Amino acid sequence: MADHSDIRTGRHCVFMLHAHLVFVTKFRHRVFTGKHLTRLQEIMRSVCADFETELREFNGEDNHVHLLVDFPPKVALSKLVNSLKGVSSRRMRQEFPELARHYYRANKLWSGSYFAGSVGGAPISVLRQYIEQQNRPV
């Protein structure tokens, strides 16, 4: 039997939408430590809350991050991604000036591209397990 605890309701709809997002650092530079990833998670959780979405899972490695986002149908995923990347890039460069030395010309933390996959074929538990098993640096 399917787990219906993830089903949400809106004013005129019932939905269960999840997206797997992957953001890669500019030039694939290996810049993140555990403390950077912890702060990134806080920033991205805050941005998600502003969009009435929920960051279900977050993890990453030294040059990329994975997010599992639960979002309502009224949210355009591209706008959410734009805000997640823009806000996190700006705040991380302000709070961790050492990140800027990797990007002396391009004042950006993230690559211009991203991966977004709809989640539904594989059970959410499998995707969560995959994200949890990322080799997070210390």
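**Notebook: a predicted chain, residue by residue**

I began with Phe-27, which is exposed at a relative accessible area of 56%. Phe-27 sits in the loop that runs between β3 and α1. I noted its backbone as well: phi is positive, about 60 degrees, although Phe-27 is not a glycine. Most residues other than glycine have a negative phi, so I marked the position for a second look.

**Confidence.** The model is predicted, and I therefore checked its scores before going further. The protein chain averages a pLDDT of 90, and 93% of the residues score at least 70. Among the elements, the lowest mean pLDDT, 84, belongs to strand β1 (residues 8–9), and the highest, 98, to helix α1 (residues 34–50).

**A second positive phi.** I looked up Glu-52, which follows just after α1. Glu-52 also has a positive phi of about 60 degrees without being a glycine. Its place is the loop between α1 and β4. With a relative accessible area of 48%, Glu-52 counts as partly exposed.

**Phe-32.** I returned to the loop between β3 and α1, where Phe-32 is also placed. Is Phe-32 buried or exposed? I find Phe-32 buried, because its relative accessible area is 3% and the cut-off for burial is under 20%. Leaving aside neighbours within four places in sequence, I listed the contacts of Phe-32: Thr-25, Leu-37, Leu-40, Glu-61, Asp-62, Asn-63, His-64, Val-65, Leu-109, Trp-110 and Pro-137. I also recorded a long-range pair: the C-alpha atoms of Phe-32 and Arg-136 are separated by 9.2 Å, with their positions 104 residues apart along the chain.

**His-64.** Since His-64 appears among the contacts of Phe-32, I examined His-64 next. His-64 belongs to strand β5 and is buried, with a relative accessible area of 12%. Which side chains make polar contacts with that of His-64? I found one with the side chain of Asn-63 at 2.9 Å, and another with the side chain of His-66 at 3.3 Å. Beyond four places in sequence, His-64 is in contact with Val-22, Phe-23, Val-24, Arg-28, Phe-32 and Gln-134.

**Helix α1.** I compared the length of α1 with expectation. Its 17 residues should span 24 Å at 1.5 Å a residue, and the end C-alpha atoms are 25 Å apart, which agrees. I then listed the buried residues of α1: Gly-34, His-36, Leu-37, Leu-40, Ile-43, Met-44, Val-47 and Cys-48. Their cover includes the strands β3 (18–25), β4 (54–60), β5 (64–70) and β6 (110–119), together with helix α2 (77–95).

**Helix α2.** I repeated the check on α2. For its 19 residues the expected span is 27 Å at 1.5 Å a residue, and the end C-alpha atoms are 27 Å apart, which agrees. Buried in α2 are Leu-80, Val-81, Ser-83, Leu-84, Lys-85, Val-87, Ser-88, Ser-89 and Met-92. I note that the buried residues of α2 pack against β3, α1, β5 and β6.

**Nonpolar cores.** In soluble globular proteins, nonpolar side chains tend to be buried together. I therefore looked for such clusters. The largest nonpolar core has 27 residues, and those with the most contacts inside it are Phe-23, Leu-40, Met-44, Val-65, Leu-67 and Leu-84. Two or more residues each come from β3, α1, β4, β5 and α2. Which element gives the most to this core? I find that α1 does, with six residues.

I followed one core residue, Leu-84, outward. Setting aside neighbours within four places in sequence, Leu-84 is in contact with Leu-21, Phe-23, Met-44, Val-47, Cys-48 and Leu-67. Apart from the largest core lies another, of five residues, including Leu-68, Val-119, Leu-127 and Ile-131.

**Cysteines.** How many disulfides are there? I counted zero. Cys-13 is in no disulfide, and the nearest cysteine sulfur, that of Cys-48, is 18 Å away. Because a disulfide requires sulfur atoms within 2.5 Å, I closed this point. Cys-13 is partly exposed, with a relative accessible area of 31%, whereas Cys-48 is buried at 0% relative accessibility.

Technical notes. Residues are numbered from 1 along each chain as its sequence is written. This is a predicted model: local features need pLDDT of at least 70, side-chain atom pairs count only at pLDDT 80 or more; totals for chains, interfaces and linings use all residues. Side-chain values use heavy atoms; hydrogens and water are left out. pLDDT is the predictor's confidence in each residue, from 0 to 100. Helices (H or I, at least four residues) and strands (E, at least two) are DSSP runs, numbered from the N terminus. The expected span of a helix is 1.5 Å times one less than its number of residues. Buried means under 20% relative accessible area, exposed over 50%, partly exposed in between (1.4 Å probe, protein chains only). Contact means heavy atoms within 4.5 Å. A nonpolar core is a set of buried Ala, Val, Leu, Ile, Met, Phe, Trp, Tyr and Cys residues joined through side-chain atoms within 4.5 Å. A polar contact is a pair of N or O atoms within 3.5 Å; within protein, one must be able to donate a hydrogen and the other to accept it, and residues adjacent in sequence count only if both atoms are side-chain atoms.
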